[in-house]
Amino acid sequence: MSPRARVREHVNPLAKKYSVAIAPPVWTEVYADCSKPLSLDIGSARGRYILQTAQLKPDWNFLGLEIREPLVDRCNEVRDELGLKNLHYIFCNANVSLAGLLTKESLHEVTVQFPDPWFKRRQQKRRAVQPELVATLAELLVPNADVFLQSDVLEVAEDMRQHFDANENFINLAGTGNFADDSIFPEHIPTERESSVISQGLPVYRAYFKRK
């Protein structure tokens, strides 16, 4: 994907400009076939993960939510250049807009990969995965849907895993309180961050949940 859009590395999701929920698009105008199962990537960044996955899995629809608007604009440009009809990116704050974007049991898979860590305690309420988001996903996901979580920051990975462990609608396939190892976590296309971390010999912490 080129050229690279210049954007701020971190955006405060609690800022006023991100506090208003967006209206959903007309989905029949977004996807060529809305009957395909839908996969959601929360915090899609430069969008390469679902860009590649959408090309490998044409029998699925893919949706990326990203809070940095220039990245979304560029992602949709690339999608159009490639003529992909099963891929879309939306600029929004997922914690504010997700509940109104999709209907109940319309989602078949969710990925949250390497979200902004927000290390300072006073900033942790800015993290992408919050209890309210997990509750929203429980409403939107079909039974037996997959949830994939990844981070190279142990504290962030534990935080995400704990929020899903605490919601009775989800099952941790590695057991409550555990991360998924390679025998459990499915094969997948690595994100840019994931490839960089692994190339440095550093760990990636993963969790794999199912919607009951």
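The exercises below work through a predicted model of a protein chain.

**Exercise 1.** Determine which residues of helix H2 are buried and what covers them.

*Solution.* Begin with the helix itself, which spans residues 48-56 and in which Tyr49, Ile50, Leu51, Thr53 and Ala54 are buried. Then look outward from these residues: their cover includes the strands E1 (38-42), E2 (61-66), E3 (87-91) and E4 (107-113), together with helix H3 (69-82).

**Exercise 2.** Decide whether glutamate 66 is buried or exposed, and describe its surroundings.

*Solution.* First place the residue, which lies in strand E2. Its relative accessible area is 3%, and because buried means under 20%, glutamate 66 counts as buried. Next list its contacts: leaving aside residues up to four places away in sequence, glutamate 66 touches Gly43, Ser44, Ala45, Leu71, Val72, Ile90, Phe91 and Cys92. Finally, consider its side chain, which is joined to that of arginine 68 by a polar contact of 2.8 Å.

**Exercise 3.** Establish how many disulfides the model contains, and classify the exposure of cysteine 34 and cysteine 75.

*Solution.* The criterion is a pair of cysteine sulfur atoms within 2.5 Å, and by this rule the count is 0. As to exposure, cysteine 34 is partly exposed, with a relative accessible area of 39%, whereas cysteine 75 is buried, with a value of 1%.

**Exercise 4.** Assess the confidence of the prediction along the chain.

*Solution.* The mean pLDDT of the protein chain is 90, and 86% of its residues reach 70 or more. Over residues 1-5, however, the pLDDT is below 50, although this stretch has 14 contacts in the model beyond near neighbours in sequence. Where pLDDT is low, the predicted coordinates should not be read in detail.

How values were computed
Residues numbered from 1 in each chain as written. Predicted model: local features only at pLDDT ≥ 70, side-chain atom pairs only at ≥ 80, totals over all residues. Heavy atoms only, no water. Buried < 20%, exposed > 50% of the residue type's maximum accessible area, 1.4 Å probe, protein only. Helix = DSSP H or I, 4+ residues; strand = E, 2+ residues; numbered from the N terminus. Contact = heavy atoms within 4.5 Å. Polar contact = N/O pair within 3.5 Å; in protein donor to acceptor, adjacent residues only side chain to side chain. pLDDT = per-residue confidence, 0-100.
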